[in-house]
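User: I should like to go through this model with you. Could we begin with the place where the chains meet?

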Protein chains: 2
Amino acid sequence: MARVNPYDIGLDKNAANHTPLSPLSLLARSAYVYPQRIAIIHDGRRLTWSQVYTRCRRLGSALRRRGIGNGDTVAAMLPNIPAMYEAHFGVAMAGAVLNTLNTRLDAEAIAFMLGHGEAKVLLTDQEFSDTVAKALRLLPDKKILVIDVDDQDYRGEGERLGETEYENFLLQGDPEFAWRIPDDEWDAITLNYTSGTTGNPKGVVYHHRGAYLNAISNIVSWGMPPHAVYLWTLPMFHCNGWCFPWTMAANAGTNVCLRKVDAKMIFDLIRQHRVTHYCGAPIVHLALINAPAEWKQGIAHTVNCLVAGAAPPGAVIEGMQKMGFNITHVYGLTETYGPAAVCAKHPEWDALPLAEQVTLNGRQGVWYHMQQGMTVMDPATMEPVPWNGETMGEIMFRGNLTMKGYLKNPKATGEAFSGGWFHSGDLAVMHPDGYVKIKDRSKDIIISGGENISSLEVEDVLYRHPAVMAAAVVARPDPKWGETPCAFIELKPDAAPSAQEIIEFCRSRMAHFKVPTTVIFGPLPKTSTGKIQKFILRQQAKSASAIE
Amino acid sequence: MARVNPYDIGLDKNAANHTPLSPLSLLARSAYVYPQRIAIIHDGRRLTWSQVYTRCRRLGSALRRRGIGNGDTVAAMLPNIPAMYEAHFGVAMAGAVLNTLNTRLDAEAIAFMLGHGEAKVLLTDQEFSDTVAKALRLLPDKKILVIDVDDQDYRGEGERLGETEYENFLLQGDPEFAWRIPDDEWDAITLNYTSGTTGNPKGVVYHHRGAYLNAISNIVSWGMPPHAVYLWTLPMFHCNGWCFPWTMAANAGTNVCLRKVDAKMIFDLIRQHRVTHYCGAPIVHLALINAPAEWKQGIAHTVNCLVAGAAPPGAVIEGMQKMGFNITHVYGLTETYGPAAVCAKHPEWDALPLAEQVTLNGRQGVWYHMQQGMTVMDPATMEPVPWNGETMGEIMFRGNLTMKGYLKNPKATGEAFSGGWFHSGDLAVMHPDGYVKIKDRSKDIIISGGENISSLEVEDVLYRHPAVMAAAVVARPDPKWGETPCAFIELKPDAAPSAQEIIEFCRSRMAHFKVPTTVIFGPLPKTSTGKIQKFILRQQAKSASAIE
């Protein structure tokens, strides 16, 4: 006879003891507890948590009244302005799914996403009206309710495309809208298309549970105190701003909006609002490091920042530390809600020489508190690599900070999750202390004479050259070696080293087979999130000639 | 035709994107990331996170090897020593449920809990061997594996009762035990009996999901930075130490053990280990406030503390603030995993006069980040009371920080959750800012001439008298008024006011009908968690004579 487990009887879930996890709860709490605290600063405008909450309820209600509900997609082509922040809550209050669009994409890409995601509504900013108008013309059969967001802080060209303006639309909604969290925390909350460099982008679906947990994990894993002042240097369209719209609602802090990344304006806002926290790709931090000293005057408080991205963090981490900013390195992908790993600091590292600190802090590290695991495995055998800092494998994630899957793409979803782990596509080694260090994207590795060369490792050296502002290394086809490293370099103003000088610099700092055989100077093509577009450079490398 | 929701198709849970929430994950992470950091300090002993994790795995494995598994109960009669901390993880690693026993209870109560909870194993400390031996004799038919924990820091009397000692038992376990988190986060993790003052205690069941979420909510709602040094003034047998064993695993901080609350030792440990955080009932904080000044010398760093409990917090909050400790008031019940509400501070309160700060901070406040809601309702209509600071109702909770239910007690479970809210039994008002303020336990209210008198309100005034160390007010039956307030007072050393003096003191500070008619001096009976045992005082009050 099977034994009865007394803990399974009469102890069921009910409305009193179980609530689906949803970041909407976090906004409701801050509006309740801190109604009068400033939630959003945008240019001269201030919104309290109470006001933001009311506006989100209006948005949810107005969408509902237009027939938008469960499983419907609401797209947003917006910079980091209040409407974008509010969309992260209001759309979900209607039961719908927010699809934030990368504002740097072209009309074809936007049209693909609006079509594939089946958007029923589009919130759009006049700055992007050209692109959006073209995208909509590519979708003549789609009926999309277009809502213009007129941002007072935008003074450029553009035109209205929609039937109504955002503030008017809000007025159509009920400020007391009785929204409900979803019955199931597994319900979708947002849709983020990957900026795939080949083929059509994939639609990464986030759910309420994961959004809630990563919102909280940002606080715990970063050690954020309550009431942070957070500057929006990171686009909210990028992995939902790494979940920070929801984090800031939990934190009851202040969001300082920013339409575009501009080093002078960033320092001014940091000084004016005593910004305590911000996030960004390396390019953002580099812009600050390389800014004139006078822009940085008058900032005496500690500024904490997160950096993530495929570009080499060594120079960034060193530069930020020298500037007195407290930088922490995180790692993740669109598929992991943005950061799902952190190079967790050890207090005793502070006593080490700066160069060692930079090396230690420049690693991808360990899984976030609310992720379940991250490891490096041989994808063929699914065996973890030895912790020797040398054997390469693929970074794998598992846990609650991993996407629901790719929208309408069961094949890609199945492949991504094969073997019960999410395959990141990033190649890395495991250090003896269990910290992960990326060596490269699978497709970015250079194989020369049968030897693997990590393009990141070469780039790390290039960034140490005083004339180098940005650098990218890709494979160039070579009849003898198969491939050789080809370096693309963007120089600092007034710097003019020769290609040979750069090569000599590398030779004295790495194994000779890793040294670039070609050096090309010029501006580097970048995505809107600051990632260097290596697929363009690979095309250029094919036609470049080697130096030796 | 029903529309297909594209977000529900091909986006299911799998091992890569969904993990049941469990605090065991938090320990595993800290052991991985910070293996060499000190996790536990006990007397002269130090254990790292790696060692603690290994010892927990051994415990889980050793239990498994003795046939303990899912749905089995492992009881612990232990003070705040390393074995008690480890039991919070090791027992769950075996799939079993930890029942921490209140070490101050008598043999009959312990026997009831061991019997009702169907304990299969008992971890016990020699200090309690008298009680435990008696309890076991009351259960002649039970086969309980008794394991003695020989604590080096215990130098009192006692005897071994079990077949093996804890350290030997650990050696029978596999240090590499491949434990698994439960398949279902709703599975029970611990069992806590309420210290009911009438009838048999009820067994409150916690699940992995709630334990995980409150572990994290303690960090977010208190604003704990990483690597806190946490002093164990709060018994771990009390709501699993308010979930702080799991919080500290997430925090990767240091647990400083403490066998018993002793003011001098607390100050010594704070000084020696630079303790940053501790929790306790008001009695603990009062002991510190009233300690000789020389014990407090040499503590220059900020100490953060939480206070909770039914006793009046006004005097405690004021005293702690004067001492320079940063005190935060939390509120909850055994049924809500300990604290599930916090008197969330507003930075602008710091500018107010101390008396106002004390009043504001002395409220029960608002729900914890990871609780879903707390409100005050008329239990008959389930309508919220107006936010006027006057209308009394019952505090109700809902959300993920509410117990699974009472073990083998569907009637009590159903009543507690009736109407979709957990009924706390505490009477309170709602202030205009949405903060809850307790007026009394339902059974502690005094009804005199048809008027409700809050015993807490009277006690608050008594605590302001310079001679009063502790005070409790209960109803005394009165032929004319029905009931009148009867005050029991424990005086500070060398203080000797008359009853009439106390009454005059009250008269000048409250409505006359609320002033105690009887004042009795002497030590107050307290539970092990510092709660004054009013049911004993009520008995005494019946035979006391009125002063006027």
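Analyst: In this predicted model, chain A and chain B each bring 52 residues to the contact.

User: Which elements give two or more residues to the side of chain A that touches chain B?

Analyst: They are α1 (24–33), α7 (208–222) and α14 (410–416) of chain A. Of these, α1(A) gives the most, with four residues.

User: How many residues on that side of chain A are nonpolar, polar and charged?

Analyst: That side of chain A has 26 nonpolar residues, 20 polar ones and six charged ones.

User: What rotation superposes chain A on chain B?

Analyst: A rotation of 180° does so, with 0.0 Å of shift along its axis and an RMSD of 0.1 Å. The two copies are therefore related as by a two-fold rotation axis. Moreover, 100% of the interface residues of chain A are interface residues in chain B as well, so the copies meet through the same surface.

User: Now the sheet. What is the order of its strands in chain A?

Analyst: The sheet is open, has nine strands with mixed pairing, and follows the order β2-β1-β11-β10-β12-β13-β14-β15-β16 in chain A. Its edge strands, β2 (45–48) and β16 (366–367) of chain A, each pair on one side only.

User: Which helix packs on it, touching β1 and β2?

Analyst: Helix α2 (residues 49–65) of chain A does, and its direction makes about 80° with that of β2(A).

User: And do β13 and β14 of chain A run parallel or antiparallel?

Analyst: Strands β13 (residues 304–307) and β14 (residues 326–333) of chain A run parallel and are joined by four bridges. A:Leu306 stands opposite A:Thr328 in β14(A).

Conventions
Residues are numbered from 1 along each chain as its sequence is written. Chains are lettered from A and ligands numbered from 1 in the order in which they are written. This is a predicted model: local features need pLDDT of at least 70, side-chain atom pairs count only at pLDDT 80 or more; totals for chains, interfaces and linings use all residues. Two strands pair if DSSP finds at least two bridges between them. Two residues are in contact if their C-beta atoms, placed from the backbone, lie within 7 Å. Axes are lines fitted to C-alpha atoms, for helices over the stretch in contact, and angles run from 0 to 180 degrees between N-to-C directions. Ala, Val, Leu, Ile, Met, Phe, Trp, Tyr, Cys and Pro count as nonpolar, Asp, Glu, Lys and Arg as charged, and the others, Gly among them, as polar. Copies are superposed by least squares on the C-alpha atoms of residues with pLDDT of at least 70 in both.
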